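This report describes selected features of one protein chain. Its sequence and model are shown here.

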Amino acid sequence: MLAAILFDLDGTIVNTDPIHFQAWQKMLLSYDLHIDEKFYKSRISGGLNPEIVKDILPQLSVAEGEKFADEKEALFRQLAPHLQALSGFAQLIAWTKRHQLKRALVTNAPRQNAEFMLEVLGIKEVFHTIVLADDCRAGKPDPEPYELALNKLGITAEQAIALEDSPSGIRAAVGAGIRTIGIASTHDPQVLQEVGTFMAIPDFTDLQFWKFLNSLVEPDLGVSTAQ
């Protein structure tokens, strides 16, 4: 029986990748690095800043890398004052409330970014628990963030569904034993299915997605679809 839905943030609830790409592109120009979307998707998207910076700018010290990442995230927030959730997200939250499901946010986003996005989107109070990479010994693709979320919600992996847009996030959720649906806002659906999703959808208005969700709840609770 479905008891909870676990949400990633960047690329899942809100498509921030174009803004992150713009911020990374601008920041890396100062190091004479010119990146394209292919580079961004393969080397940056879904990763943790310390690991990304170590990979792309190995010449930086730990302190220099942290300063670079902080400046990049400040630029992201400067560029992202008008974020909007993916289509169907509000309807999905309303559906989870009708069916008394728990909701968790599981994100690699730095704390300031997560708080900023939740504030801009007006969804700070939506989640029963929030798990950041900072809360764990290891962030995604390690399964620990999802395992911690399950523990906080008091449920098993079999009682949950995860929604993820990146290969690293999918590996984390699948690694925790959670059925995972891919949100193809930033990566090709086939890529998401190759790394472990059983379904890939463009956004939360997808009819296949709603048919699946409604198959998991008790018939007497009523059948509801996105409007």
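The text below covers the strands, a pair of helices, the aromatic rings and two valines.

The model is predicted, and every value in this report is computed from its atoms.

**Strands**

Strand β2 (102-107) is paired with two other strands. Strand β1 (residues 4-7) and β2 run parallel and are joined by four bridges. Within that pairing, Lys102 of β2 is the bridge partner of Ala4. The pairing of β2 with β3 is also parallel, and four bridges join the two strands. Here Ala104 has Thr129 of β3 opposite to it. Is β2 enclosed by the rest of the structure, or open? Five of the six residues of β2 are buried, so the strand is largely enclosed by the rest of the structure.

**Helix α6 and its surroundings**

Helix α6 spans residues 111-121, and its buried residues are Asn113, Ala114, Phe116, Met117, Leu118 and Leu121. The elements that cover these buried residues include two helices, α1 and α4 (62-79), and two strands, β2 and β3 (129-132). Strand β2 therefore takes part in covering α6 and is itself largely enclosed, with five of its six residues buried. Directly after α6 comes Gly122, which has a positive phi of about 70°.

Two packed helices are described by the angle between their axes and the distance between the axes. For α4 and α6, the axes come within 10 Å of each other and cross at roughly 10°. An angle under 35 degrees counts as roughly parallel, and α4 and α6 are therefore roughly parallel to each other. On the α4 side the contact is made by Glu73, Phe76 and Arg77, and on the α6 side by Gln112, Asn113, Phe116 and Met117. Sorted by class, the residues of this contact are three nonpolar, two polar and two charged. Asn113, Phe116 and Met117 of α6, which take part in the contact, are also among the buried residues of that helix.

**Aromatic rings**

The model has 11 aromatic pairs. One of them is formed by Phe21 and Tyr40, whose ring centres are 5.7 Å apart with the planes at 65°; planes over 60 degrees apart count as edge-to-face, so this pair is edge-to-face. Phe21 belongs to helix α1 (residues 17-29) and Tyr40 to helix α2 (residues 37-43); the two are 19 residues apart, and the pair links distant parts of the chain. Phe21 and Tyr40 are both buried.

A cluster of aromatic residues is also present. Its members are Phe7, Phe89, Trp95, Phe127, Phe204, Phe209 and Trp210.

**Two valines**

The table sets out the location and accessibility of two valines.

| Residue | Location | Relative accessibility | Class |
|---|---|---|---|
| Val174 | helix α8 (residues 167-175) | Val174: 34% | Val174: partly exposed |
| Val217 | segment after α10 (207-215) | Val217: 9% | Val217: buried |

Val174 is in contact with Thr180 and Gly196, when its neighbours within four places in sequence are left aside. From Val174 to Thr16 the C-alpha to C-alpha separation is 23 Å in space, and the two residues are 158 residues apart in sequence. For Val217 and Ile44, which are 173 residues apart along the chain, the C-alpha atoms are separated by 37 Å.

Note on methods: Residues are numbered from 1 along each chain as its sequence is written. This is a predicted model: local features need pLDDT of at least 70, side-chain atom pairs count only at pLDDT 80 or more; totals for chains, interfaces and linings use all residues. Side-chain values use heavy atoms; hydrogens and water are left out. Rings of Phe, Tyr and Trp (its six-membered ring) pair if their centres lie within 6.5 Å; planes under 30 degrees apart count as stacked, over 60 as edge-to-face and the rest as tilted. Buried means under 20% relative accessible area, exposed over 50%, partly exposed in between (1.4 Å probe, protein chains only). Contact means heavy atoms within 4.5 Å. Axes are lines fitted to C-alpha atoms, for helices over the stretch in contact, and angles run from 0 to 180 degrees between N-to-C directions. Angles under 35 degrees count as roughly parallel, over 145 as roughly antiparallel, 65 to 115 as roughly perpendicular and the rest as oblique. Ala, Val, Leu, Ile, Met, Phe, Trp, Tyr, Cys and Pro count as nonpolar, Asp, Glu, Lys and Arg as charged, and the others, Gly among them, as polar. Two strands pair if DSSP finds at least two bridges between them.
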